[in-house]
Amino acid sequence: MGKIAEWLYERVPISGEQLAELTNEPVPNHLKRWWFCLGGTPAYLFVVQIVTGILLALYYQPSTASAFESIRYITEEASFGWFLRSMHKWAATLMIAAMILHQMRVYFTGAYRKPRELNWMIGMSLLMCTLLIGFTGYSLVFEQLSYWGATVAANISDNIPIVGPLGKQLLLGGDEYNARTLSRFYILHAAVLPTTLMLLVILHIAQIRMHGVTEFPEPDDEPSAPKHFNFFPDHMLTELTLGLVLMIILCALAVTLPATMGPKADPLTTPEVIKPEWFFYVSFRWLKLFSLSFAVISSGFIVGAMFVWPWIDRVLRKVTGIEEISVYVGIVGTFLLIGLTVWEAVVAH
Ligand code: HEM
């Protein structure tokens, strides 16, 4: 052992074998297919968000007087500011899309069932946290749609029974959007929510390490063929390739479709059309289809049911005797999700 290695070993007494043991989790063969390892994708994109977010924060000023101007400066004057902003925006979009795809993979393969129910709930918390980061980020630009989007969201919160009005007060720092609001969005977007997300990711990965990923027998495998391969370096290489492809897609999107700016927020002029970001289209269309209180309560019910889905699934399978009942529910849910999103995207109001 060299002198430096010896010095280090005395202070951090972990041997090479112990380190290999720690990182070399055997991975089931089905994880050689990229759609089974979509979980790594949101993790990559989250790192991109942190790096680009820190760089944007060097210029961003969270006050109603200067937020819009600071974003204009980033977009039009700061070196590569437009690129950083576009990467941040597209990585957010891809992160949410990747999470939905990962969740669908987990759902349709039944990988949330015993003993992984808690990890499914951690995953649902990750999804909620990411959506909130998206919402608060959108509000920081202080353009018309950020201002009116936040106002609509605060009014929706007001309709949530019991905790809603308090939630609105906490979010806005008063009865309506005011000089304190933007700094609240900023602290949530740049500190509270990303820290929460990071802690949740640690819990999520810890649970994966405790249980391993779900085993799916390959139908045409020889019974004697090995059923696992090494995490390091085999699976690591799959993840790195995925990350590289992702970075190419991300850069291409940022360069060809860079982030733009709408008109500055004007509290006195309600825009003719208020639209949130695409990932809220489904909830927005739902709100327009029903009365506000019904839409809010039913949305809460649906999200609550998604949280405890592993147990609902168990009861449904027992009662109906249909083993794949969750697949049918999932197909209906997916069509509803896509249908409502496309509907909201194509109509003006
Ligand atoms: C920041 C977001 C997320 C990250 C970084 C992440 C990461 C991962 C990773 C790396 C895996 C290992 C297998 C794979 O790659 O698919 C995994 C598995 C899993 N994830 Fe996620 N995930 C996230 C969000 C979610 C969401 C939204 C859900 C569901 C609501 C979820 C539920 C699960 C479950 C139950 C497993 C175990 C799957 C199995 O055993 O096959 N995750 N996650």
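## Surroundings of Met 95

In this predicted model, Met 95 touches several residues that lie beyond its four nearest places in sequence: Pro 42, Leu 45, Phe 46, Gln 49 and Thr 130. Met 95 is also one of the residues with the most contacts inside the largest nonpolar core, together with Leu 45, Ala 91 and Phe 142.

## Nonpolar cores

The largest nonpolar core comprises 43 residues. At least two of its residues come from each of α3, α4 (67–76), α5, α6, α7 (144–158) and α9. The greatest contribution is that of α5, which supplies nine residues.

Another core lies apart from this one and consists of five residues, including Val 106, Tyr 107, Tyr 112 and Trp 309. In soluble globular proteins, nonpolar side chains tend to be buried together.

## The shell around the ligand

The ligand is surrounded by 26 residues, of which Gly 39, Ala 43, Ala 111, Gly 123 and Thr 214 are the closest. Two or more residues of this shell are given by each of α3 (40–57), α5 (81–108), α6 (117–140) and α9 (181–211). With six residues, α6 accounts for the largest share.

By class, the shell holds 17 nonpolar residues, eight polar residues and one charged residue. The helices α3, α5, α6 and α9 that contribute to the shell also appear among the elements that supply the largest nonpolar core.

## Packing of α11 and α12

Helix α11 (residues 281–289) and helix α12 (residues 292–307) have axes that come within 7 Å and cross at roughly 140 degrees. An angle over 145 degrees would count as roughly antiparallel; α11 and α12 are therefore oblique to each other.

On the α11 side, the residues that take part are Ser 283, Trp 286 and Leu 287, and they meet Leu 292, Ala 295 and Ser 299 of α12. The contact between α11 and α12 is made by four nonpolar and two polar residues, with no charged residues.

## The chain as a whole

The chain has 349 residues, of which 24% count as buried. Its secondary structure consists of 14 helices and two strands. Along the principal axes, the C-alpha atoms occupy a box of roughly 70 × 65 × 40 Å.

Where contacts join residues at least 6 apart in sequence, 80% of them link residues at least 24 apart.

Conventions: Residues are numbered from 1 along each chain as its sequence is written. A residue is near a molecule or strand if its C-beta atom, placed from the backbone, lies within 6 Å of it. Helices (H or I, at least four residues) and strands (E, at least two) are DSSP runs, numbered from the N terminus. Ala, Val, Leu, Ile, Met, Phe, Trp, Tyr, Cys and Pro count as nonpolar, Asp, Glu, Lys and Arg as charged, and the others, Gly among them, as polar. A nonpolar core is a set of buried Ala, Val, Leu, Ile, Met, Phe, Trp, Tyr and Cys residues joined through C-beta atoms within 7 Å. A residue is buried if 20 or more other C-beta atoms lie within 10 Å of its own, exposed if 12 or fewer, and partly exposed in between; C-beta atoms are placed from the backbone. Two residues are in contact if their C-beta atoms, placed from the backbone, lie within 7 Å. Axes are lines fitted to C-alpha atoms, for helices over the stretch in contact, and angles run from 0 to 180 degrees between N-to-C directions. Angles under 35 degrees count as roughly parallel, over 145 as roughly antiparallel, 65 to 115 as roughly perpendicular and the rest as oblique. Lists of a residue's contacts leave out its neighbours within four places in sequence.
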